[in-house]
Amino acid sequence: MIDDEAWYRSVVLSTMQTLETARSAMAMAEASGPDSPVGRRMAKAGAFLERVSLDMMESADRWRGLLA
């Protein structure tokens, strides 16, 4: 049986993994040089993934009560 919090924990875990990917992309951007083509692409990807991840966390927290 799946408990009521399983869906929430699943979203949180997935989101945390994506956030780690975002931070890795940002670190790669710095290492590649923020003004290089690769650095700019990685910075954009990292910023996008970070923002989407933070939005997902906010949404999961906001709607967590639906699982109760």
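**Entry 1: the loop**

I started with P34, which sits in the loop between α1 and α2 of this predicted model. Is P34 buried or exposed? I found neither extreme: its relative accessibility is 43%, so P34 counts as partly exposed. Setting aside neighbours within four places in sequence, I listed its contacts as A29, G39 and R40. Two of these names came back later in my notes: A29 is among the buried residues of α1, and G39 is among those of α2.

I also looked at G33, which follows α1. Its phi is positive, near 100°.

**Entry 2: helix α1**

Next I checked the length of α1, which covers residues 6-32. At 1.5 Å a residue, its 27 residues should span 39 Å, and I found the end C-alpha atoms 39 Å apart, which agrees.

Which residues of α1 are buried? My list reads Y8, V12, T15, L19, A22, A25 and A29. I then asked what covers them. The cover includes α2.

For contrast I picked two other residues of α1. M16 lies in this helix and has a relative accessible area of 40%, so I put it down as partly exposed. A27 is in α1 too, and with 48% relative accessibility it also goes down as partly exposed, since the exposed class begins only over 50%.

**Entry 3: helix α2**

I gave α2, residues 37-63, the same check. Its 27 residues should span 39 Å at 1.5 Å a residue, and the end C-alpha atoms are indeed 39 Å apart.

The buried residues here are G39, G46, S53, M57 and A60. Their cover includes α1, just as the cover of the buried residues of α1 includes α2.

**Entry 4: how the two helices pack**

Two packed helices are described by the angle between their axes and the distance between the axes, so I looked up both. For α1 and α2 the angle is about 160° and the axes are 8 Å apart. That makes α1 roughly antiparallel to α2, because an angle over 145 degrees counts as such. What is the handedness of the crossing of α1 and α2? I noted it as left-handed. The residues of this contact divide into 18 nonpolar, seven polar and three charged.

**Entry 5: S53 in the contact**

I wanted one residue of α2 to follow across to α1, and chose S53, which lies in α2. Its relative accessible area is 2%, so S53 is buried, the cut-off being under 20%. Beyond its neighbours within four places in sequence, S53 is in contact with T15, T18 and L19. T15 and L19 are both on my list of buried residues in α1.

I also took a backbone distance here. M16 and S53 are 37 residues apart along the chain, yet their C-alpha atoms are separated by 7.4 Å.

**Entry 6: M56 and two more distances**

M56 is in α2 as well. Is it buried, exposed or partly exposed? With 40% relative accessibility, M56 counts as partly exposed. Not counting residues up to four places away in sequence, M56 touches V11 and T15. T15 therefore turns up twice in my notes, as a contact of M56 and as a contact of S53, with contact meaning heavy atoms within 4.5 Å.

Along α2 I looked up M56 and A45, which are eleven residues apart in sequence and 16 Å apart in space, C-alpha to C-alpha. My last pair was A27 and A43: these are 16 residues apart along the chain, and their C-alpha atoms are separated by 8.4 Å.

Terms used: Residues are numbered from 1 along each chain as its sequence is written. This is a predicted model: local features need pLDDT of at least 70, side-chain atom pairs count only at pLDDT 80 or more; totals for chains, interfaces and linings use all residues. Side-chain values use heavy atoms; hydrogens and water are left out. Helices (H or I, at least four residues) and strands (E, at least two) are DSSP runs, numbered from the N terminus. Buried means under 20% relative accessible area, exposed over 50%, partly exposed in between (1.4 Å probe, protein chains only). Axes are lines fitted to C-alpha atoms, for helices over the stretch in contact, and angles run from 0 to 180 degrees between N-to-C directions. Angles under 35 degrees count as roughly parallel, over 145 as roughly antiparallel, 65 to 115 as roughly perpendicular and the rest as oblique. A crossing is left-handed if the near helix is turned anticlockwise from the far one by less than a right angle, and right-handed if clockwise. Ala, Val, Leu, Ile, Met, Phe, Trp, Tyr, Cys and Pro count as nonpolar, Asp, Glu, Lys and Arg as charged, and the others, Gly among them, as polar. The expected span of a helix is 1.5 Å times one less than its number of residues.
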